[in-house]
Amino acid sequence: CEYGWGFESASGADIVHAGGNGSVFVRGYSEGSQGLYANSFGDFEVRADGGSVTIEGECDSRPAEAAGDYGLAISPYGNITVHAGSNLTVSGTSSGYYGGFTSSDGTAGSSFTTENGDISITGRCTVHVNDTSCEYGWGFESRNGADVVHAGGNGSVFVRGYSEGSQGLYAGSAGDLTVRADGGS
């Protein structure tokens, strides 16, 4: 298997936008390589004006008894923008290597924001074969800009990374790392 789902525009942006009260759900699953992979040449943007956003990637290589790959890899050459009117959930799970990470080449980096809702960002990497070595569970790694997580209204922020090999949660942003909850925890 290669990845379960991929965004790979070769010369432009990849945009998913739900208007009104609509929500967005994106999920990729693979038993070989990346679960969900975004490697857009331009920006990667997911927006739900009034509803929720859910982005999930999972790589489960246990059926093949092989080393896993990324669960969720959001790594465009441009900026990363994920915005929800209500709740926002991002998760990456892998049976080897990386659970999930964001790594933008854009000067604005990455932003995960809500108008009035909670934000949950989680990554998990577990080892299931002896020659598999997990890296981090979740990573913020913008290469030219900041990484921003901002819950508006009464929303709260929850970020968690778990790994059975290397770092659980890793922030190696080139710019600032900002985590904010205006009215929540």
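Select Glu58 to begin: in this predicted model, Glu58 has a relative accessibility of 22% and counts as partly exposed, because the buried class ends at 20%. Keep Glu58 displayed and add Arg27. The two form a salt bridge, with their closest N and O atoms 2.7 Å apart. Arg27 belongs to strand β3 and Glu58 to strand β6, so this contact ties together parts of the chain that are 31 residues apart in sequence.

Next, add Glu56 to the selection. Arg27 also forms a salt bridge with Glu56, and here the closest N and O atoms are 3.1 Å apart. This pair, too, links distant parts of the chain: Arg27 sits in strand β3 (residues 24–30) and Glu56 in strand β6 (residues 53–59), 29 residues apart. With the three residues on screen, you are looking at a network of salt bridges made up of Arg27, Glu56 and Glu58.

Colour the network by accessibility. Arg27 has a relative accessible area of 40%, so Arg27 is partly exposed. Glu56, at 23% relative accessibility, is partly exposed as well.

Move on to Glu45 and Arg47. Their side chains meet in a salt bridge, 3.8 Å from N to O; the pair qualifies because the cut-off is 4 Å. Glu45 is partly exposed, with a relative accessible area of 22%. Arg47 falls into the partly exposed class with 25%. Over the whole structure, the search finds 4 salt bridges.

Now hide the charged residues and show the aromatic rings. How many aromatic pairs does a search of the whole structure find? The search finds 12.

For one of them, select Tyr98 and Tyr136. Their ring centres are 4.6 Å apart and the planes make an angle of 65°, an edge-to-face pair. The label applies because planes over 60 degrees apart count as edge-to-face. Trace the chain from each ring: Tyr98 is in the loop between β9 (88–94) and β10 (100–102), while Tyr136 is in the loop between β12 (119–125) and β13 (138–140). The two tyrosines are 38 residues apart, and their pair links distant parts of the chain.

Are these two rings buried or exposed? Both Tyr98 and Tyr136 are buried, which means that each has under 20% relative accessible area.

As a last stop, extend the selection to Tyr70, Tyr97, Phe101 and Tyr170. Together with Tyr98 and Tyr136, these residues form one aromatic cluster.

Definitions and conventions. Residues are numbered from 1 along each chain as its sequence is written. This is a predicted model: local features need pLDDT of at least 70, side-chain atom pairs count only at pLDDT 80 or more; totals for chains, interfaces and linings use all residues. Side-chain values use heavy atoms; hydrogens and water are left out. Helices (H or I, at least four residues) and strands (E, at least two) are DSSP runs, numbered from the N terminus. Buried means under 20% relative accessible area, exposed over 50%, partly exposed in between (1.4 Å probe, protein chains only). Rings of Phe, Tyr and Trp (its six-membered ring) pair if their centres lie within 6.5 Å; planes under 30 degrees apart count as stacked, over 60 as edge-to-face and the rest as tilted.
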